Amino acid sequence: MDEVIKQLPKKAAEKHKENKKFFTKLKKRPPKNLDYVMQELHEAEFQRTDCLDCANCCKTTGPLFTNNDIERIAKFFRMKPKKFIGQFLRVDEDSDYVLQEVPCTFLGADNLCSIYDVRPKACREFPHTDRKKFQQISNLTMKNVAICPAAFNIVEEMRKKLA
Ligand code: SF4
Ligand code: SF4
């Protein structure tokens with residue numbers, strides 16, 4: 001997996017033009033069964049991919065933390081939300097709460113998340129490839145294919161299937 005992750009930014013850059021063209025077309029005329037197709041591709045890929053062999057999302061990009069996330073996780077640590085924010089989070093250029101540092105503080109050496117049951121919504125949903133109306137997040141997806149090997153494979157399959 002390490003080699004796959006190392007090669008991913010280069011592979012994603014090579015596919016960028018093709019992906020951009022594909023998503024522009026998809027946005028203009030999304031197929032009626034797109035949600036269904038994405039669900040199938042997502043499930044098939046995550047049956048092959050073990051995130052515990054990877055954790056590249058947790059190592060390289062932090063999630064954003066919503067107020068609900070902050071309250072839930074602070075409660076888990078028996079901390080006041082304010083204290084949790086001061087200890088772990090900062091405000092980014094989009095005014096969102098994000099981690100002070102990556103790799104994520106809550107990631108263990110075994111790639112396990114120490115707050116898995118209460119982790120941020122963004123972590124639960126990453127890489128968003130089973131999201132409804134997937135065509136609406138094409139810019140984010142084109143970034144994610146350079147980080148997430150599963151997202152890369154899903155987009156490759158998607159292009160083959162829907163081209
Ligand atoms: S979601 Fe993607 S980047 Fe994150 S651990 Fe799983 S395969 Fe790796
Ligand atoms: S909170 Fe957990 S799932 Fe989310 S980035 Fe950190 S280690 Fe990964």
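User: Why does Phe88 count as buried?

Analyst: Phe88 has 22 C-beta neighbours inside 10 Å, so Phe88 counts as buried. The term applies when 20 or more other C-beta atoms, placed from the backbone, lie within 10 Å of the residue's own; 12 or fewer make a residue exposed, and the values in between make it partly exposed. The structure is a predicted model, in which local features need pLDDT of at least 70 and side-chain atom pairs count only at pLDDT 80 or more, while totals for chains, interfaces and linings use all residues. Residues are numbered from 1 along each chain as its sequence is written, and chains are lettered from A and ligands numbered from 1 in the order in which they are written.

User: Where does Phe88 lie, and which residues is it in contact with beyond its neighbours within four places in sequence?

Analyst: Phe88 belongs to helix α5, residues 81-88. Beyond those neighbours, Phe88 contacts Leu99, Gln100 and Thr105, a contact being two C-beta atoms, placed from the backbone, within 7 Å. Between the C-alpha atoms of Phe88 and Cys104, 16 residues apart in sequence, the distance is 9.6 Å.

User: What makes Asp117 exposed?

Analyst: Asp117 has 7 C-beta neighbours inside 10 Å and therefore counts as exposed. Asp117 is in the loop between β3 and α6. Its C-alpha atom is 20 Å from that of Gln87, with the two positions 30 residues apart along the chain.

User: How many of the 163 residues count as buried, as a percentage?

Analyst: Of the 163 residues of the protein, 25% meet the buried criterion.

User: How do you know that the radius of gyration agrees with that of a compact globule?

Analyst: For 163 residues the globule value is near 15 Å and the protein has 17 Å, which agrees. The radius is taken over C-alpha atoms, and the rule is 2.2 Å times the number of residues to the power 0.38. The C-alpha trace spans about 50 × 35 × 30 Å along its principal axes.

User: What secondary structure does the protein have, and what pattern does it follow along the sequence?

Analyst: The protein has eight helices and three strands, in the order α-α-α-β-α-α-β-β-α-α-α. Helices (H or I, at least four residues) and strands (E, at least two) are DSSP runs, numbered from the N terminus. Of the contacts with a separation of 6 or more, 70% are between residues 24 or more positions apart.

User: What describes the packing of α1 and α8, and which residues make the contact?

Analyst: Helix α1 (residues 2-28) packs on α8 at about 35°, the axes being 10 Å apart. The crossing is left-handed. From α1 the contact draws on Val4, Ile5, Leu8, Lys11, Ala12, Asn19, Phe22 and Leu26, and from α8 on Pro149, Phe152, Val155, Arg159 and Leu162. By class these are 10 nonpolar, one polar and two charged residues. The axes are lines fitted to C-alpha atoms over the stretch in contact, with angles from 0 to 180 degrees between N-to-C directions. A crossing is left-handed if the near helix is turned anticlockwise from the far one by less than a right angle, and right-handed if clockwise.

User: Which residues surround ligand 1, and how does its shell divide by class?

Analyst: The shell consists of Thr49, Cys51, Cys54, Ala55, Asn56, Cys57, Phe126, Pro127, Ile147, Cys148, Pro149 and Ala150. The elements giving two or more of these residues are α3 (56-60) and α8 (149-162). The shell has 10 nonpolar, two polar and no charged residues. A residue belongs to it if its C-beta atom, placed from the backbone, lies within 6 Å of the ligand. Ala, Val, Leu, Ile, Met, Phe, Trp, Tyr, Cys and Pro count as nonpolar, Asp, Glu, Lys and Arg as charged, and the others, Gly among them, as polar.

User: Which residues surround ligand 2?

Analyst: Ligand 2 has around it Cys58, Gly62, Pro63, Cys104, Phe106, Leu107, Cys113, Ile115, Arg119, Pro120 and Cys123. Nine of this shell are nonpolar, one is polar and one is charged.

User: What is the omega of the bond from Phe126 to Pro127, and why does His128 count as partly exposed?

Analyst: Omega is about 5°, and the bond is cis. Pro127 sits in the loop between α6 and α7 (138-144), where His128 is also found. His128 has 16 C-beta neighbours inside 10 Å and so counts as partly exposed. Its phi is positive, near 65°. The bond from Val102 to Pro103 is cis as well, with omega near -10°.
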